[in-house]
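Here is a short report for a first look at the model. Keep the sequence and the 3D view open while you read.

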Amino acid sequence: MSVFDDPITKLRIAHSVQDVALALNLDPAKLFYVIQNSENGSYYKKFEIPKKSGGVRQISRPLRGLALAQDRLAAVLAAHYKPKSFVKGYIKGESFHTNAKYHERQKWVLNLDIKDFFPSINFGRVRGLFISRMFGFNERVATILARIVTFENGLPQGASTSPIIANIIAHNLDKQLIVLAAKERLRYTRYADDITFSSSQKTVPSALIKLWEPEKGDRKITLSSAVYDAFRQSNFEINEGKIRIQFPYERQEVTGLIVNKKANVWRRDISNLRMKLHAARKHGAENAAKLFVGESANAEQFWQHITGWLAYIRQIRGNDDPVVAKLCKQAILAGLKGTNWIRRSADMVREFDVFLSHASEDKEKARKLKDKLEEKEVRVFFDENSISWGDSIVEKINNGLLKSLYFAPVLSETFAKKGWTNKELNSAIQSNIGRKGRILPIVMPGFSVAENYPLLNETLYRSWPAEEHEEGDFLEEISDQILLKIHKSHQDKTDLG
């Protein structure tokens with residue numbers, strides 16, 4: 001592509017609306033009409049959406065030709081803009097999740113919020129950006145473009161151009177704050193208007209915060225003059241009501257996620273979703289919609305609301321997460337239809353704690369372990385109990401493997417020679433790649449793991465005693481260990497949400 005085919009170059013040599021239209025591949029007459037009417041409201045639809053934290057957000061969504069002009073310009077700006085690594089909002093490959101993950105397991109986390117981020121970036125600031133050395137457009141073109149992307153003297157929430165322009169203009173603020181962060185060895189990110197500092201050091205530098213009180217609970221925080229100067233010099237204001245510092249003994253939150261350990265959703269969000277699904281199952285989706293979405297909401301809007309929450313939780317916790325699977329199953333039982341990924345996830349709900357795999361020749365010994373585990377209320381997949389007359393054996397075994405927390409193969413010479421047992425073990429080994437520690441091998445006397453299953457050679461296994469009189473103590477000990485693993489796994493899931 002010739003340099004003169006580059007839209008940025010075309011805009012730099014442009015002098016008129018017609019030149020701008022040609023640079024953006026738009027009809028000149030239509031663009032002229034759009035610009036003439038961009039401020040009278042005819043090209044915007046205004047509405048409100050609820051904020052997760054309470055209150056509402058004002059949205060001004062561009063319509064028709066103005067929306068097309070903004071989309072074309074946004075693509076041109078995106079090709080020219082090279083974001084820094086600490087910018088996490090509205091950037092391809094970045095998200096509220098990657099922003100939160102960057103601040104996991106820190107000694108303290110400080111959150112700041114830019115007041116009225118989009119509305120504070122007015123026509124004059126945008127026009128000045130387009131005239132600046134970064135773009136170098138002449139004054140007339142800068143005026144034309146600023147009129148395309150601003151509404152009511154600010155960046156409209158809903159326009160495709162607003163995020164990238166806001167990120168570019170906020171660079172002056174980022175530049176000053178990252179210098180402060182680097183000097184004090186702090187972590188720094190900005191996700192749109194949400195700014196986060198964190199550190200693995202216990203001490204909070206006075207260059208960032210002068211003081212806070214009290215030590216615990218709701219605090220009054222006084223930021224340093226350097227922070228206020230950075231905001232003032234960049235023509236932004238701090239939202240004083242949203243300054244907070246959080247320590248490891250508290251819930252540390254970054255862009256809506258808890259980051260004390262692993263970035264995760266709030267437990268209350270999962271509890272609230274369970275409550276909504278319970279209400280839908282008991283009273284119907286129409287009634288639940290009016291209670292949880294809005295007085296005029298219907299069942300379809302309720303299920304859209306639920307699907308959005310399920311997708312959000314899955315994005316954070318992962319596709320194979322058991323909490324997500326249970327929520328999806330509750331949604332299906334409550335009446336949600338037609339969403340394939342939710343159905344697939346619901347099918348993964350754990351029904352067994354342990355899949356006890358064994359050759360038929362070892363069934364007598366395996367049954368002793370099964371009985372001991374069931375005495376301790378462990379749910380065991382055991383073929384003679386879990387597969388009924390008329391069931392598909394393949395389907396039941398695959399279902400048992402998928403829905404078991406642990407896989408305990410009783411390894412022996414006969415086990416190694418059987419087709420079914422080897423298929424079960426191979427399937428468990430494959431799933432163990434994503435679920436470390438899932439396989440709990442039990443080895444019969446005289447069997448060599450290294451010779452028969454080299455992939456399991458580095459997995460710690462337990463040896464079945466050669467003497468029958470030692471079996472009682474062995475079964476008691478190993479069942480206790482399995483029960484402890486199950487409890488720990490459930491506790492880990494609880495801790496994460």
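An open sheet is a good place to begin: 4 strands form it in the order 4-5-3-8, with antiparallel pairing. Strands pair here if DSSP finds at least two bridges between them. Helices (H or I, at least four residues) and strands (E, at least two) are DSSP runs, numbered from the N terminus. Strand 4 (187-191) and strand 8 (244-246) are the edges, each pairing on one side only. From one strand to the next, the twist averages 15°.

The model is predicted: local features need pLDDT of at least 70, side-chain atom pairs count only at pLDDT 80 or more, and totals for chains, interfaces and linings use all residues. Residues are numbered from 1 along each chain as its sequence is written, and side-chain values use heavy atoms, leaving out hydrogens and water.

Strand 3 (residues 108-113) and strand 8 run antiparallel, joined by 3 bridges. Leu110 stands opposite Ile245 in strand 8. Leu110 also belongs to the largest nonpolar core, which has 72 residues. Leu110, Phe130, Ile165, Phe197 and Phe231 touch the most other members. A nonpolar core is a set of buried Ala, Val, Leu, Ile, Met, Phe, Trp, Tyr and Cys residues joined through side-chain atoms within 4.5 Å. Buried means under 20% relative accessible area, exposed over 50%, partly exposed in between (1.4 Å probe, protein chains only). Helix 7 (residues 139-149) gives the most to this core, with 7 residues. A second, separate core of 35 residues includes Ala297, Ala299, Val324 and Ile342.

Val324 leads to helix 14, where Pro322, Val323, Val324, Ala325, Leu327, Cys328, Ala331 and Ala334 are buried. The 13 residues of helix 14 (residues 322-334) should span 18 Å at 1.5 Å a residue, and the end C-alpha atoms are 18 Å apart, which agrees. The expected span is 1.5 Å times one less than the number of residues. At the start of helix 14, a side-chain oxygen of Asp321 reaches to within 3.0 Å of the backbone nitrogen of Val323. Gly335 follows helix 14, with a positive phi near 125°.

Two residues other than glycine also have positive phi.

| Residue | Phi | Loop | Relative accessible area |
|---|---|---|---|
| Tyr90 | about 65° | between helix 4 (64-80) and helix 5 (96-101) | 43%, partly exposed |
| Asn153 | near 60° | between helix 7 and helix 8 (162-169) | 45%, partly exposed |

One more backbone feature: a cis peptide bond joins Glu213 and Pro214, with omega about -5°. Pro214 sits in the loop between strand 6 (209-213) and strand 7 (220-223).

Key
Axes fitted to C-alpha atoms, helices over the stretch in contact; angles between N-to-C directions. Polar contact = N/O pair within 3.5 Å; in protein donor to acceptor, adjacent residues only side chain to side chain.
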